[in-house]
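Q: Got a minute to go through a model with me? I'd like to start with what counts as a contact.

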Amino acid sequence: MEDKKKLAYTFVCLGLAFLGVFHLVFSTLFGYGLQAVGGLLIGAGVFGLLVINA
């Protein structure tokens, strides 16, 4: 059960990081600002992966 839970959290963090990249790219392309939000989402996803796999 521990492995399934760890895998689920890993997918959540990867999804969060992907959402951050998606937000960062589109906010830059369309120029509506808020690139910091994308950066925070990416940072949160990477931090989550580091915590889960520590």
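A: Sure: contact means heavy atoms within 4.5 Å. Leaving aside neighbours within four places in sequence, K6 is in contact with I52 and N53. This is a predicted model, so local features need pLDDT of at least 70, side-chain atom pairs count only at pLDDT 80 or more, and totals for chains, interfaces and linings use all residues. Residues are numbered from 1 along each chain as its sequence is written, and side-chain values use heavy atoms, with hydrogens and water left out.

Q: How far apart are K6 and I52 in sequence and in space?

A: They are 46 residues apart in sequence and 6.9 Å apart in space, C-alpha to C-alpha.

Q: And is K6 buried or exposed?

A: In between: K6 counts as partly exposed, at 35% relative accessibility. Buried means under 20% relative accessible area, exposed over 50%, and partly exposed in between, with a 1.4 Å probe and protein chains only.

Q: Zooming out, how many helices and strands does the protein chain have?

A: The protein chain has 2 helices and 0 strands. Helices are DSSP runs of H or I with at least four residues, strands are runs of E with at least two, and both are numbered from the N terminus.

Q: What's the radius of gyration of the protein chain?

A: It is 13 Å, well over the 10 Å that the globule rule gives for 54 residues, so the chain is more spread out than a compact globule. The radius is taken over C-alpha atoms, and the rule is 2.2 Å times the number of residues to the power 0.38. Along the principal axes, the C-alpha atoms fill a box of roughly 45 × 15 × 10 Å.

Q: How much of the chain is buried?

A: Buried residues make up 17% of the 54 residues.

Q: Okay, helix 1. How far does it reach?

A: Helix 1 has 29 residues and reaches 42 Å from its first C-alpha to its last, close to the 42 Å expected at 1.5 Å a residue. The expected span is 1.5 Å times one less than the number of residues.

Q: Which residues of helix 1 are buried, and what covers them?

A: The buried ones are T10, C13, A17, G20, H23 and S27, and their cover includes helix 2.

Q: Tell me about T10. What does it touch?

A: Not counting residues up to four places away in sequence, T10 touches L49 and I52. T10 has a relative accessible area of 18%. A polar atom of the T10 side chain also lies 2.8 Å from the backbone oxygen of K6.

Q: What about F26, buried or exposed?

A: F26 is partly exposed, with a relative accessible area of 31%. Its contacts, leaving aside neighbours within four places in sequence, are G31 and Y32. G31 comes just after helix 1 and takes a positive phi of about 65°.

Q: Switching to helix 2, which residues are buried there?

A: G38, G45 and G48 are buried in helix 2. Seen down the axis of helix 2, its buried residues fall within an arc of 95°, so they line one face of the helix. That arc is of the directions from the helix axis to the C-beta atoms.

Q: What covers them, and which exposed residues are on the face turned away?

A: The cover includes helix 1, while the face turned away from the buried side carries the exposed residues A36, L40, F47 and L50.

Terms used
Polar contact = N/O pair within 3.5 Å; in protein donor to acceptor, adjacent residues only side chain to side chain.
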